[in-house]
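This briefing introduces one structure to a reader who has not met it before. It takes the strands first, then the core, and then the surroundings of the ligand.

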Amino acid sequence: MNDIKELSINRVACSKCMGCVEMCPEIFAWNEHDEEIVLRRQCVTQNEVSEAMALCPRDCIELSDPSADSPCLLPDPTND
Ligand code: SF4
């Protein structure tokens, strides 16, 4: 379960409850200017966000396999 996935938020469904920010501040943040949840990182493992996904009352934290041109597929420069 350590495959890299692409993370997104369904902003239409999001209630802005801040649960994900409190649970996982290294990945989710609150953008004051746009008044919405933003992602600090778009490429994550399922383990990193599983608790936030379970807690989200609107089921709007989504994971998908990286698309062909996704930055998530670039090799990790620290992993030579
Ligand atoms: S937990 Fe879900 S509904 Fe709440 S702010 Fe995060 S994404 Fe939005």
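**Strands, core and ligand shell**

Strand S1, which covers residues 4-9, is joined to S5 by four bridges, and the two strands run antiparallel. The model described here is a predicted one. Within this pairing, Glu6 has Ser64 in S5 as its bridge partner.

**The open sheet**

- The sheet is open and is formed by three strands in the order S4-S1-S5, with antiparallel pairing.
- Strand S4 (43-45) and strand S5 (61-64) stand at the edges of this sheet with a single partner strand each, so one side of each is left without a neighbour in the sheet.
- From one strand to the next, the twist averages 50°.

**The hairpin of S2 and S3**

- Strand S2 (residues 28-31) pairs with strand S3 (residues 36-39) in the antiparallel sense, and four bridges hold the record of this pairing.
- Across this pair, Ala29 in the one strand stands opposite Val38 in S3.
- Four residues lie between the strands of the hairpin, in which Glu35 takes a positive phi near 55°.

**The nonpolar core**

- Nine residues make up the largest nonpolar core, and among them are Leu7, Cys20, Phe28, Ile37, Cys56 and Ile61.
- Which residues does Ile37 touch, leaving aside those up to four places away in sequence? With that exclusion, the contacts of Ile37 are Ile9, Cys14, Lys16, Cys20, Val21, Phe28 and Trp30.

**Cys20**

- Helix H1, which spans residues 19-23, contains Cys20.
- Is Cys20 buried or exposed? Cys20 is buried, because 24 other C-beta atoms lie within 10 Å, where 20 or more are needed for a residue to count as buried.
- When residues up to four places away in sequence are not counted, Cys20 touches Phe28, Ile37, Ala52, Cys56 and Ile61.
- Lys5 is 15 residues from Cys20 in sequence, and the two are 17 Å apart in space from C-alpha to C-alpha.

**Around the ligand**

- There are 14 residues around the ligand, and those that come nearest are Cys14, Cys17, Gly19, Cys20 and Cys56.
- Sorted by class, the shell around the ligand consists of 10 nonpolar, two polar and two charged residues.
- Cys20 and Cys56 thus appear among the residues that come nearest to the ligand, and both are also members of the largest nonpolar core.

Definitions and conventions:
Residues are numbered from 1 along each chain as its sequence is written. This is a predicted model: local features need pLDDT of at least 70, side-chain atom pairs count only at pLDDT 80 or more; totals for chains, interfaces and linings use all residues. A residue is near a molecule or strand if its C-beta atom, placed from the backbone, lies within 6 Å of it. Ala, Val, Leu, Ile, Met, Phe, Trp, Tyr, Cys and Pro count as nonpolar, Asp, Glu, Lys and Arg as charged, and the others, Gly among them, as polar. A nonpolar core is a set of buried Ala, Val, Leu, Ile, Met, Phe, Trp, Tyr and Cys residues joined through C-beta atoms within 7 Å. A residue is buried if 20 or more other C-beta atoms lie within 10 Å of its own, exposed if 12 or fewer, and partly exposed in between; C-beta atoms are placed from the backbone. Two residues are in contact if their C-beta atoms, placed from the backbone, lie within 7 Å. Two strands pair if DSSP finds at least two bridges between them. Axes are lines fitted to C-alpha atoms, for helices over the stretch in contact, and angles run from 0 to 180 degrees between N-to-C directions.
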